[in-house]
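Work through the exercises below with the structure open. Each task is followed by a stepwise solution.

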Amino acid sequence: MGIPKTYNTEQELVLALKRRDNQAFSSLYDNYAGALYSIIKQIITDNAELASDVLQEVFINIYRKIDTYDQTKGRLFTWMLNIARNASIDMLRSKSYQNSQKNQELPDNVYKGTAHQSTLLNVDNIGLKKVLEKLKPEHRVLMELAYFKGFTHEEIAEMMSIPLGTVKTRIRNALLQLREYLQ
């Protein structure tokens, strides 16, 4: 992710955003919406319209919360990515989303077997899936539950019937391994 061309540094962009400069927000949207949408789609996999709604909510939150951004704690994109991830997870946990999932009709071809199933790949996940495959299975499953399905560490511990401390340690170890793989 690069800094929008009209700003020389990330700091200049952040200052313009904090001044509520509409051109800065427009530039921010143009440069980062695609990347944030991909993150949202990795969490909200089954509904593109809902993912678009979450993206709009994310940019509203960025506009509202830009004054809380602290450059000493991380890059702007990382801060925005966390807002997008949290908004996506919040949406999946919302009662309205849960109810909509319970009330869906089954498609006509649900009983026709694998011959008619789609074999399209989600291209956004190809590289990431390959890196995750390098992890130990007990680490990979926890990473998928925590970062792609949005479960909390406590929920994972309960679901997998393992102690909370073990979940946290395995996720931390997996993140350290991923960091090594990606360097």
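**Exercise 1.** Classify F151 by its accessibility, then place F151 in the chain and in its surroundings.

*Solution.*
Step 1. This is a predicted model. Take the relative accessibility of F151, which is 31%.
Step 2. Apply the cut-offs: buried is under 20%, exposed is over 50%, and partly exposed lies in between. F151 is therefore partly exposed, at 31%.
Step 3. Locate the residue. F151 sits in the loop that links α7 (137–148) and α8 (153–160).
Step 4. Look for nonpolar partners on the surface. F151 joins V141, M159 and M160 in a nonpolar patch. Together the four residues V141, F151, M159 and M160 have about 300 Å² of accessible area.

**Exercise 2.** Is K41 buried or exposed, and which side chain of opposite charge is nearest?

*Solution.*
Step 1. Find the element. K41 belongs to helix α2, residues 22–43.
Step 2. Check burial and pairing. K41 is buried and has no salt bridge.
Step 3. Find the nearest opposite charge. That side chain is D46, 6.9 Å away. A salt bridge requires a distance within 4 Å.
Step 4. List the contacts, setting aside neighbours within four places in sequence. K41 touches N47, A48 and A51.

**Exercise 3.** Describe the chain as a whole: how many helices and strands does the chain have, and what share of residues is buried?

*Solution.*
Step 1. Count elements. The chain has nine helices and zero strands.
Step 2. Assess burial. Of 183 residues, 33% count as buried.
Step 3. Examine contacts with a separation of 6 or more. Residues 24 or more positions apart supply 58% of them.
Step 4. Turn to the surface. The accessible surface comes to about 12,100 Å², and carbon and sulfur atoms hold 50% of that area.

Terms used
Residues are numbered from 1 along each chain as its sequence is written. This is a predicted model: local features need pLDDT of at least 70, side-chain atom pairs count only at pLDDT 80 or more; totals for chains, interfaces and linings use all residues. Side-chain values use heavy atoms; hydrogens and water are left out. Patches are made of residues with over 30% relative accessible area and no salt bridge: like charges are joined within 9 Å, nonpolar side chains (Val, Leu, Ile, Met, Phe, Trp, Tyr) within 5 Å. Accessible areas come from the Shrake-Rupley method with a 1.4 Å probe; for residues, only the protein chains shown count as cover. Helices (H or I, at least four residues) and strands (E, at least two) are DSSP runs, numbered from the N terminus. Buried means under 20% relative accessible area, exposed over 50%, partly exposed in between (1.4 Å probe, protein chains only). Lys and Arg count as positive and Asp and Glu as negative; His and the chain ends are not counted. Contact means heavy atoms within 4.5 Å.
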